[in-house]
There are 2 protein chains.
Amino acid sequence: MDTFDVYDTTLRDGAQQEGMNLSVQDKLLIAPLLDELGVGYIEGGWPGAIPKDTEFFKRAAKELDFRNAELAAFGSTRKAGARTHEDAQVRALLDSEAPVITLVAKSDIRHVERALKTTPEENLAMIRDTVSYLRGEGRRVILDAEHFFDGFRYDADYALRAVVAAFEAGAETVCLCDTNGGMLPDWVGEIVGRVRAEADGRIGMHAHNDSGCAVANSLAAVAAGATHVQGCVNGYGERTGNADLGAVVANLQLKLGHDVLAGGGLRDLTRISHAISEITNIAPFARQPYVGASAFAHKAGLHASAIKVDPDMYQHTDPLAVGNDMRMLISDMAGRASIELKGRELGFDLAGQGDLLTRVTTRVKDAEAQGYTYDAADASFELLLREELDGVRPTFFCTESWRVFVETTPGKPSEANAEATVKMHVGGARMLATAEGNGPVNALDAALRKAVAPTYPEVDRFELIDFKVRILDTEQGTDAVTRVLVETMDTRAEATWMTVGVGPNIIEASWEALVDSIVYGLLRAGVPNRSETPDGVTTDCD
Amino acid sequence: MDTFDVYDTTLRDGAQQEGMNLSVQDKLLIAPLLDELGVGYIEGGWPGAIPKDTEFFKRAAKELDFRNAELAAFGSTRKAGARTHEDAQVRALLDSEAPVITLVAKSDIRHVERALKTTPEENLAMIRDTVSYLRGEGRRVILDAEHFFDGFRYDADYALRAVVAAFEAGAETVCLCDTNGGMLPDWVGEIVGRVRAEADGRIGMHAHNDSGCAVANSLAAVAAGATHVQGCVNGYGERTGNADLGAVVANLQLKLGHDVLAGGGLRDLTRISHAISEITNIAPFARQPYVGASAFAHKAGLHASAIKVDPDMYQHTDPLAVGNDMRMLISDMAGRASIELKGRELGFDLAGQGDLLTRVTTRVKDAEAQGYTYDAADASFELLLREELDGVRPTFFCTESWRVFVETTPGKPSEANAEATVKMHVGGARMLATAEGNGPVNALDAALRKAVAPTYPEVDRFELIDFKVRILDTEQGTDAVTRVLVETMDTRAEATWMTVGVGPNIIEASWEALVDSIVYGLLRAGVPNRSETPDGVTTDCD
């Protein structure tokens with residue numbers, strides 16, 4: 001193919017997703033990441049219809065400078081019976097200063113008659129008038145033919161007339177939309193082929209995932225001659241989401257040999273996808289193709305031993321091609337081979353240590369039955385492994401007891417409504433420390449550091465950067481337990497690690513994860529145990 | 001097609017998913033749900049290799065009685081160089097008493113040589129010997145040809161010889177596995193077509209979703225003549241998961257006219273998928289095709305007004321066909337039309353009340369900016385709506401203050417380590433109540449009920465049944481807030497409702513959601529405000 005358009009609509013159609021709520025600032029942070037990925041077009045929103053989108057285009061014109069992408073404004077054809085240049089919504093598209101305007105138009109005769117409530121001819125006139133007006137104002141125009149596939153299957157002739165009208169009026173691309181998302185690949189391929197035979201111009205594909213085939217539908221359209229694909233990072237979008245743009249472009253580049261992203265951006269796909277999910281605050285889907293945390297994670301003991309021999313025989317593509325990485329999972333099913341590989345990943349050579357591997361495997365299985373998970377919490381796994389290696393768990397201090405107190409009077413907000421007191425043995429001394437915090441975990445974290453810092457001032461470099469909570473029912477009929485994952489950063493080393501705690505409630509689970517995070521951080525930084533007496537014994541935990 | 005096999009491998013291949021850890025009891029609960037869905041085969045695990053799978057088959061033979069499905073045991077062909085009837089792993093398959101045995105075998109010559117480390121001929125002999133031995137013992141045999149597609153693309157002749165060997169030895173089905181999950185639909189269709197031309201017997205498809213095409217790959221195989229599909233409920237499985245069995249069968253039945261599930265089970269797909277995710281304790285994916293919470297949820301104001309006219313024009317299929325339901329979402333993007341529709345869903349006729357709709361829309365947008373979400377929390381939305389309708393928020397009591405205390409001494413476990421005290425005004429009296437609990441939220445919930453129950457004994461019917469926590473960064477650079485969703489059940493009415501609370505920490509957020517859950521429950525039960533004086537005023541909140 002000559003040229004190929006990768007058109008991202010994360011900021012417009014993706015933002016329709018349940019639970020998604022993007023601020024102008026969020027959009028200003030996401031757009032440069034999309035540009036870095038190397039997409040050709042970034043659809044920023046619907047200026048004029050959504051006030052924060054109007055604001056986004058205003059600020060984007062001043063603040064953003066893309067290397068690869070063109071900014072596109074989404075809008076609608078003129079109103080039925082109106083004059084184009086007097087239509088406020090069309091004026092707002094011009095006012096956005098976006099070089100590319102993407103117009104949504106009806107191509108399903110039933111939607112023209114029952115939703116738009118106008119005549120077939122007037123709808124075609126709305127397409128022609130709006131496209132040619134915007135072309136006359138110097139803008140490039142893409143037409144999104146809404147409900148195209150359903151419309152084509154009901155009345156192919158009318159759907160085609162809408163496409164031809166757009167091309168004749170000067171649209172450079174007509175993107176065929178599976179708006180309700182119910183198409184299957186064979187249907188898409190056949191219909192795109194028929195449109196290509198009857199209309200002259202660039203054809204695009206806009207897929208939704210309602211039948212679970214959005215990626216395959218996009219590929220089927222390309223195979224049938226489409227040279228423009230629309231989609232959203234992480235497959236965001238209304239209902240089941242839009243086509244996952246990352247999976248579509250990875251398949252096109254890695255499997256079908258089409259070089260569609262500018263500047264080698266595919267190698268940054270994982271990082272960019274995750275960065276965007278940080279901004280959208282939608283938890284990433286671990287099973288997401290190519291970029292998911294689990295996408296190249298191997299669990300089965302059966303495979304683990306074979307993967308040691310030949311990793312390429314167990315992966316559909318090189319994870320580095322999309323910036324992801326192979327991982328071995330430590331879990332219930334882990335055979336000793338997985339534990340050995342995981343150990344190697346963490347820098348421990350466990351080859352040939354059969355008894356140790358069996359003990360660690362058993363400990364992991366027991367802990368997972370209680371609600372622990374080591375899939376993510378590498379630091380907690382390493383503490384467990386060191387305990388089995390050395391016969392004793394690494395400790396730098398000992399906890400006697402802790403308590404935490406929260407008090408609230410509605411209407412009287414307070415910065416620090418929680419207070420924690422810890423009693424600990426550190427460096428041979430009994431430490432009693434009290435700290436306030438914004439909530440009980442925050443107060444406990446502060447009190448713990450206060451007790452430990454006089455002996456281990458290194459803890460001041462550690463910063464709690466993420467905190468996740470999950471309520472688990474470990475077994476039917478027993479009480480729920482709470483699992484907490486804490487991510488900590490050593491600000492000097494710029495390294496992060498994750499620990500896990502499990503308990504009957506969030507506070508006990510948090511305490512365990514917080515203690516482990518400090519112990520691991522001190523170990524990692526190579527800090528010696530300063531509680532030891534000159535003859536090498538510590539009495540902290542007696 | 002004559003007959004069609006729907007083969008579920010949730011309990012075996014699905015269980016390889018990261019974070020999944022199924023107990024024997026879990027499997028005994030899931031299997032009857034799969035049978036109810038109407039699948040033809042339930043693969044229960046690998047007896048002999050995984051101890052809890054051995055146990056599962058033992059108990060399944062005694063405790064389970066399927067209406068539709070056959071139980072299948074998964075295992076491997078005999079070891080290289082061994083005698084089949086002496087192979088312990090093969091014996092364990094017989095001992096499982098499963099009527100169907102699914103044997104995994106190598107069909108990629110590279111895996112034969114590099115992973116299995118045997119000769120091409122010995123691998124074929126292993127297939128022939130094991131299949132014919134099990135057939136001789138009266139079992140039905142399915143052969144899973146591992147890495148088939150990669151193998152076929154590398155050495156088609158050898159891959160085909162493995163298929164033919166299995167059929168000749170008596171396998172009733174050979175299932176072609178895309179073990180690494182990297183296939184695309186066109187490749188699958190072509191290869192399945194070639195196998196059909198060269199081998200005589202039932203061909204199956206086992207897809208993984210690494211290229212995001214597992215559903216489409218399964219359909220492509222069926223179009224090319226496969227009459228057996230394997231997959232997992234909710235698309236569970238290693239890495240990116242197996243083919244989502246629900247989406248595959250829904251597409252086959254609703255879009256391609258193949259009636260593949262027994263007993264009309266498709267109408268229970270959503271309920272069964274969700275029930276299974278309760279047992280696996282893997283949070284359901286809202287965007288999952290057909291069964292996801294968002295799969296038929298509409299958000300955009302643009303569509304909301306049109307959906308009122310003609311719902312079928314905006315859905316790819318009738319949600320009731322898979323037991324799901326259309327939902328209108330109350331969110332930032334909600335125009336007044338969505339709020340009006342949501343009101344109607346809750347029993348309020350808001351048509352024509354423009355000012356009210358505007359006020360509610362603004363309140364919802366403001367609250368969502370602070371971290372609230374009403375997508376799920378219908379009860380909290382209704383309280384907000386009633387507040388705007390009546391000019392005053394429904395109240396039954398007033399909170400003066402509350403405090404909660406948690407204390408722990410490691411090594412001294414205690415049933416009730418938390419204690420809460422609330423000070424409230426209820427029924428014209430000041431109530432001071434203290435309660436213990438397993439954790440702070442539990443203690444607060446108990447103290448709240450204790451203070452309210454003397455005036456409103458109805459609260460004893462209310463039971464907290466689910467509790468979800470999420471840490472949110474509402475805006476860049478500001479502190480995180482905690483959002484809590486509480487689900488409560490009225491055990492007499494068997495109705496449940498969900499409320500939301502947001503606060504700087506889990507305890508404050510929980511308090512808000514707990515109070516709303518009690519207020520909504522009392523409202524719902526038609527309980528009058530018993531704090532009112534005879535002249536209709538309440539002084540509780542003065």
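These are my notebook entries on a predicted model with chains A and B.

**Confidence**

I started with the scores. The model comes with ipTM 0.74 and pTM 0.75. For chain A I noted a mean pLDDT of 89, with 92% of its residues at 70 or more. Then I went looking for the weak spot. Over residues 474–478 of chain A, pLDDT stays under 50. The model has six contacts beyond four places in sequence for that stretch. I'm leaving those alone, because predicted coordinates should not be read in detail where pLDDT is low.

**How the two copies are related**

Next I laid chain A on chain B. The fit has an RMSD of 0.1 Å, and it takes a turn of 180° with a shift of 0.1 Å along the axis. The two copies are therefore related as by a two-fold rotation axis. Which C-alpha of chain A is nearest the axis? I found that of Phe405(A), 2.2 Å away from it. I also checked whether each copy brings its own surface to the contact. The same surface serves both, as 100% of the contact residues of chain A recur in chain B.

**The interface**

I then listed the contacts between the chains. There are 90 residues of chain A in contact with 90 residues of chain B. On the chain A side, the elements giving two or more residues include helices H4 (109–114), H8 (185–198), H9 (214–223) and H17 (506–524), along with strands E11 (397–408) and E14 (462–472). Which element gives the most? My answer is E11(A), with nine residues. By class, I wrote down 36 nonpolar, 32 polar and 22 charged residues for the side of chain A that touches chain B.

E11 deserved a second look. E11(A) pairs with E11(B) in the antiparallel sense, over seven bridges. To pin down the register I followed Thr408(A), and its bridge partner in E11(B) is Trp402(B).

**Cores**

Nonpolar side chains tend to be buried together in soluble globular proteins, so I went through the cores. The largest nonpolar core has 195 residues. Leu143(A), Leu176(A), Leu143(B) and Leu176(B) have the most contacts inside it. I opened up Leu176(B): beyond four places in sequence, its contacts include Ala145(B), Phe148(B), Phe149(B), Val192(B), Val195(B) and Ile203(B). Apart from this core lies another, of 111 residues. Among its members I noted Tyr372(A), Leu448(A), Tyr520(A) and Phe467(B).

I also stopped at Val174(B), which sits in strand E6 (residues 173–177) of chain B. Buried or exposed? With 29 C-beta neighbours inside 10 Å, Val174(B) counts as buried. Leaving aside neighbours within four places in sequence, Val174(B) touches, among others, Leu143(B), Val163(B), Ala166(B), Phe167(B) and Gly201(B). For a distance check I took Ala262(B), 88 residues away along the chain, and its C-alpha is 22 Å from that of Val174(B).

**A hairpin in chain A**

I moved on to strands E15 (residues 481–490) and E16 of chain A, which run antiparallel and are joined by nine bridges. One pair I checked is Val486(A), whose bridge partner in E16(A) is Thr499(A). The two strands form a hairpin with four residues between them. In the turn, Glu494(A) has a positive phi of about 55°. How many of the nine residues of E16(A) are buried? I count seven, so this strand (residues 495–503) is largely enclosed by the rest of the structure.

**Helix H13(A)**

H13(A) covers residues 336–345, and seven of its 10 residues are buried. The buried ones include charged side chains I didn't want to skip, Glu340(A) and Lys342(A). Ile339(A) and Leu341(A) are buried too. Just after the helix, Gly347(A) takes a positive phi of about 95°.

**Positive phi in the E8–H10 loop**

Last, I searched for positive phi in residues other than glycine. Arg239(A) has one, near 60°, and its place is the loop between E8 (228–231) and H10 of chain A. I checked its surroundings: Arg239(A) counts as buried, with 26 C-beta neighbours inside 10 Å. In chain B I pulled up Asn234(B), also not a glycine, with phi near 60°. Asn234(B) is in the loop between E8 (228–231) and H10 (245–255) of chain B. It counts as buried as well, with 28 C-beta neighbours inside 10 Å.

Conventions: Residues are numbered from 1 along each chain as its sequence is written. Chains are lettered from A and ligands numbered from 1 in the order in which they are written. This is a predicted model: local features need pLDDT of at least 70, side-chain atom pairs count only at pLDDT 80 or more; totals for chains, interfaces and linings use all residues. Two residues are in contact if their C-beta atoms, placed from the backbone, lie within 7 Å. Two strands pair if DSSP finds at least two bridges between them. pLDDT is the predictor's confidence in each residue, from 0 to 100. Copies are superposed by least squares on the C-alpha atoms of residues with pLDDT of at least 70 in both. A nonpolar core is a set of buried Ala, Val, Leu, Ile, Met, Phe, Trp, Tyr and Cys residues joined through C-beta atoms within 7 Å. A residue is buried if 20 or more other C-beta atoms lie within 10 Å of its own, exposed if 12 or fewer, and partly exposed in between; C-beta atoms are placed from the backbone.
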